[in-house]
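Grab a pencil and work through these exercises with the structure open beside you. Try each task before reading its solution.

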Amino acid sequence: MTEDAPELRASDADRERVAEVLQDALAEGRLDMEEFEERLDATYKARTYGELAPITRDLPDHAAPKVSMTKEPVASGSWAGRIVGGEGSSSGAVAIMSGFQRKGRWTVPRRFTCFAFWGGGEIDLREANFAAGEVEINCIAIMGGMQVIVPPGVEVLVRGIGVMGGFDHREEGEPGDPGAPRVVVTGFAFWGGVGVERKLTRTERQRLKAERRQEKLERKQSQRELGDRVDRGELGDRGESYRDDVHDAHRRMLDGHHDLMRERRRERREERDRRRHGEH
């Protein structure tokens, strides 16, 4: 695993390579079932190269996954492709006892100013392009509210002032992806509020759901194939060890289930006893 830039985000392909190494290590007897499951879970939770590297660090050098650190050409839909320059497609919005929306494919200018009086607005940046690497969303809410929606990977700074109102700071502090724009939320709220939330698009949520489903199917298939190899005796003594580990894991799970059921029965008995004593 390359460790020159541990803060860089790991890709799905990087995680899959680590998972393959763990499966090989399990088949070779280098990991037992409990270690394999713990490391596999950590693999699919890892977000950066630095989090992936320790997972296979104690395995042989030839098993270490190779991660390319060379910069690939900018792909369509990447952050670099969404910082387009220009003036922006809309410089502001107003809602007086009404509402407004800016969403979908639009270009955020360097400064977008919006005003709401007894009304509300939504500024959705999830599918937007950006006129610059840093844009300002200036919100003025008087007895009204606004919602700023940003995609994951975008750094957010909130600099607004609230008087009997407020600005949402929950999305601050999360570092942005390399090359991603920065969104600075400024303005003033009086008897109103400006919310900031980070959300995926519907398309992205569906894509991630499909990827997780596919990963789950592939893990099950790999475990099934490994079990078939054990049954055919291809792993020799290691196969017996693997089968014993599986049986032990199942036995521990059943023991834990039985303990839980006994505890629940005991609690129900105690509850019945308390009720009886209460009635008398």
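**Exercise 1. Partners of a strand**

Task: Find which residue in β4 is the bridge partner of A95, and then work out which strands pair with β4 in the parallel sense.

Solution. This is a predicted model, so keep that in mind as you go.
- Step 1: Look across from A95, and you will meet its bridge partner A116 in β4.
- Step 2: Widen the view to the whole strands. Strand β1 (residues 92-96) and β4 run parallel and are joined by 5 bridges.
- Step 3: Now turn to strand β7 (residues 134-142), which pairs with β4 in the parallel sense over 7 bridges. As an example, F115 stands opposite I140 in β7.

**Exercise 2. Two faces of one strand**

Task: Sort the side chains of strand β4 (residues 111-117) by the face to which they point.

Solution.
- Step 1: Recall the general pattern: side chains in a regular strand alternate between the two faces of the sheet.
- Step 2: Apply it here. F112, C114 and A116 point to one face of β4, and these side chains are buried.
- Step 3: The other face receives R111, T113, F115 and F117, which are not buried.

**Exercise 3. Two cysteines**

Task: How many disulfides does a search of the whole structure find, and why is C114 not bonded to C139?

Solution.
- Step 1: Remember that a disulfide is a covalent bond between the sulfur atoms of two cysteines.
- Step 2: The search of the whole structure gives 0 disulfides.
- Step 3: Check the distance. The cysteine sulfur closest to that of C114 belongs to C139 and is 3.7 Å away, which is too far for a bond. The cut-off to compare with is 2.5 Å.
- Step 4: Add the surroundings. C114 is buried at a relative accessible area of 0%, and C139 also counts as buried, at 0% relative accessibility.

**Exercise 4. An open sheet**

Task: Which strands stand at the edges of the open sheet of 5 strands?

Solution.
- Step 1: Write down the order, β2-β5-β8-β13-β11, with parallel pairing.
- Step 2: Read off the ends. β2 (99-102) and β11 (166-167) each have a single partner strand, so one side of each has no neighbour in the sheet.
- Step 3: Inspect one pairing. β2 and strand β5 (residues 120-124) are linked over 4 bridges in the parallel sense, and G99 stands opposite G120 in β5.

**Exercise 5. A helix with a buried side**

Task: Describe helix α2 (residues 33-45), from its span to its faces and its cap.

Solution.
- Step 1: The 13 residues of α2 reach 18 Å from first C-alpha to last, close to the 18 Å expected at 1.5 Å a residue.
- Step 2: Mark the buried residues of α2: M33, F36, R39, L40 and T43. Seen down the axis, they fall within an arc of 130°, so they line one face of the helix.
- Step 3: On the face turned away from that buried side, α2 carries the exposed residues E38 and K45.
- Step 4: At the N-terminal end, D32 caps α2, with a side-chain oxygen 3.2 Å from the backbone nitrogen of E34.

**Exercise 6. Unusual phi values**

Task: What is the sign of phi in W118 and in M164, and where are these residues found?

Solution.
- Step 1: Start from the rule that most residues other than glycine have a negative phi.
- Step 2: W118 has a positive phi, near 50°, and sits in the loop between β4 and β5.
- Step 3: M164 also has a positive phi, of about 55°. M164 lies in the loop between β10 (161-163) and β11, and counts as exposed at 56% relative accessibility.

Technical notes
Residues numbered from 1 in each chain as written. Predicted model: local features only at pLDDT ≥ 70, side-chain atom pairs only at ≥ 80, totals over all residues. Heavy atoms only, no water. Pairing = 2+ DSSP bridges. Helix = DSSP H or I, 4+ residues; strand = E, 2+ residues; numbered from the N terminus. Buried < 20%, exposed > 50% of the residue type's maximum accessible area, 1.4 Å probe, protein only. Expected span 1.5 Å × (residues − 1). Arc of directions from axis to C-beta. Polar contact = N/O pair within 3.5 Å; in protein donor to acceptor, adjacent residues only side chain to side chain.
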